[in-house]
Protein chains: 2
Amino acid sequence: MNTLDKISKHLNSFSKSERKVAEVILAAPQTAIHSSIATLAKMADVSEPTVNRFCRRLDTKGFPDFKLHLAQSLANGTPYVNRHVEEQDGPDAYTAKIFESTMACLDNARQSIDTVLINRAVDILTQANQISFFGLGASSAVAHDAQNKFFRFNVPVICFDDVVMMRMSAINSTEGNVVVLFSHTGRTKHLVDVARLARENDATVIGITSADSPLAQECHLVLSMDVPEDTDVYMPMASRIAQLVLVDVMATGFTLRRGNKFRENLKRVKDSLKDSRLNKDGFNAVL
Amino acid sequence: MNTLDKISKHLNSFSKSERKVAEVILAAPQTAIHSSIATLAKMADVSEPTVNRFCRRLDTKGFPDFKLHLAQSLANGTPYVNRHVEEQDGPDAYTAKIFESTMACLDNARQSIDTVLINRAVDILTQANQISFFGLGASSAVAHDAQNKFFRFNVPVICFDDVVMMRMSAINSTEGNVVVLFSHTGRTKHLVDVARLARENDATVIGITSADSPLAQECHLVLSMDVPEDTDVYMPMASRIAQLVLVDVMATGFTLRRGNKFRENLKRVKDSLKDSRLNKDGFNAVL
DNA sequence: AAATTTTACGTAAATTTTTTACAAAACGTG
DNA sequence: CACGTTTTGTAAAAAATTTACGTAAAATTT
C-alpha cells in the first residue's frame, strides 16, 4: 500500500511527537527521502530515535528502509488504487472503482508472484501426458477457462467442477498426470482431499491457492499470489481475475516452451472456428 | 530516466569490477535495494568502495542515494515498453508483460464503456424473474462465473455452454426472462440464432459483445467494450478478463440497487460455505 | 486528589554503515 | 621494460542509524 496514504491514514494513531514527524514528511516528502534521520528530526523538532520509532510503527525495518518505501510510493505512478464501493455510488462511480481496484490487485499480484515457480509449473505442464483442472464454486470458472486454453495445445485435458468426478479422476491418476487445483482460500475440504488422493496416486499436484493453506500443503508445487480479497462485498472478485491471468501466463509459457512449430497448431485451432462465424455482412459462412 | 535502463545502457563503459556490480544489481534489483553496501559488495565479489564508485558514476550522491533512485525506478514499473510477448522472453519477462497488457486492456475497457447502458442493464436484471447466461468457447467460463455470482442473489439463474440447451431454453422463454449472451466477436452463428430465438419468445436479450456485430443487432441492449484482442497469440485473453470485470460491475450494481437488507443475504450464502472449510489448524470442520 | 503504573520521549553510547585516504595491483603505452 | 594512468582493495575516519536506559508526562487506579 502507498506509504504516503498510510501515513495520513494513521495520523490519529500516532503520538504527539510522531505526528510532528508525519506532518513534516507529508509536507515535503521529496525532501524527507533525501534527508538523514538527524536532519529530519531537527525539521520536526523531535529526537532522532523518535523518527526511528515512527518508521518502525509503519512496518518498516528502520529509517533507511522507510525512505525506500517512501521513495517507491512517490515514484509510484500507479493511478490504480483499491477503492471500495459505497452505498451511494452511482454507475459511474462503482464501475470506475471496480475496474480500478481490479487493476490494482493485478498489479499487486504481479509483484508478489514468484516467476521461478511459474517456470517450474510450465516445466511440469509441458511434460504432462494429461492435465486436469479442478475448481469449485467461483474457481470452477477458472478451471473451465484453463481447460479451454490448454485444449488448444492438443494435450489431453480434463476439467471438473464436481467433487465426485474429481475424486474418481484423482483415484485413477497415474504418473505423468498433472492435476491443477484452483482455490483462493485453499481451505475447501473436498479439494484438499482430492489433492491428497491425486498425490497418493502418483499425479503431480499443482495448487493455485494461498500459501500456507491446507491445500498448499498437499501440493507438489504452489503458485500463490498476494491478492487481498474484497471482504466488504461477499463475492470473490479480484482473486478470480488474478487466477485467470495466471492461467494466461502459464499458457504463454507453455507455447513459448513448445516453440514456433507449435504455434502453427494454435492457428489451426483458431481457423477451424471460422466456419461457425459470420462475417461482417452477417451471413457469409466462410471467412 | 529509469536507473535500471541506465545501468544496462552504460554496461560497456563500466570497468571490470563495476560491471560485476551492475550485473548483480540487474539480476536482482529488489535484493539490491534492501542490501547494505557490504552485502552487495560481497555478492558482486568486489570491495565496498568499488560499489560506492559505481554509484557515483551513475550520477548519484552515494550508495544510499543510489538505492533511492533504484527504488523509484523499480516502483515506476513498466520496464517493458513492448507489451507483446516475444520468442526469447523468460518467465520474468512474459509474466510481467501479460499482467501489464491485461491491466492496460482493462484501462481501455473502462474508458470505453458506457455507464448509462450499465445502469440500464442493472435495471433489467433486477426486474428479471429469471436470468440465463450463455457463452460458448472461451466465453463459457464467463457465463459460468456470472451464474456463480448471480446465484448468490437468490434469483433463478441458468447457465449453458451448450448450443442445444441454449436453444431449448431460449424457445421456452417468457416475458420477464432475461438472457445475457457473452461473445467477444459477436459473430458466432449459433449464438446469434439463440439471441433471435430468445427475443422472439419475449425474453429481454442483453449482449456482452462487440458493437455493430451480428449478435449486437439481435439484442435489446448491448454492452460493448473496446478491447483489442491479442492477435499474435491465438487465444482470447484480455477480452475475457474485461467481460468478467463487467460481470463484477453488474453484480455490484445489482446489490447496490437491492439495498442493505439484501446484502445480508450474501453474507448468509457465504456463511453457508463455512462448514465445508478447514480452519487454520487444518482439521476443525466448523469455523 | 495522590499514588502508581504505563507510555512517550530524549540523551548518550554503541553499532552499523558509508565514505575517504592512500597504497598496491593491473593495464596500457612509449 | 619502465613509466604513467587507471583500477581496485585495505584500513581508518566519518557519518548515520540504532539501542539502552533514564526521566518526564500521561493515564489509570486507589
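User: A polar contact is a pair of N or O atoms within 3.5 Å (within protein, one donates a hydrogen and the other accepts it, and sequence neighbours count only through two side-chain atoms). How far is a polar backbone atom of B:Phe63 from a phosphate oxygen of DNA strand C?

Analyst: Happy to help! This is a predicted model, with local features needing pLDDT of at least 70 and side-chain atom pairs pLDDT 80 or more, while totals for chains, interfaces and linings use all residues. Residues are numbered from 1 along each chain, chains are lettered from A and ligands numbered from 1 as written, and side-chain values use heavy atoms, without hydrogens or water. The B:Phe63 backbone atom and the phosphate oxygen of DNA strand C are separated by 3.1 Å.

User: Which residue of chain A has a polar side-chain atom 2.8 Å from a phosphate oxygen of DNA strand C?

Analyst: A:Lys16 reaches a phosphate oxygen through a backbone N or O atom, at 3.5 Å. The side-chain approach at 2.8 Å belongs to A:Thr50.

User: Which helix gives the largest share of the surface near DNA strand C?

Analyst: Near means a heavy atom within 4 Å, and helices are DSSP runs (H or I, at least four residues) numbered from the N terminus. H2 (16-27) and H5 (48-57) of chain A, with H5 (48-57) and H6 (63-75) of chain B, each supply at least two residues. The largest share, four residues, is from H5(B).

User: What share of the DNA strand C atoms within 4 Å of the protein belongs to sugar or phosphate?

Analyst: Among the 19 residues around the strand, A:Ser15, A:Thr50, B:Ile37, B:Asn52 and B:Arg56 come nearest. On the DNA side, bases make up the rest of these atoms, and the sugar or phosphate share is 76%.
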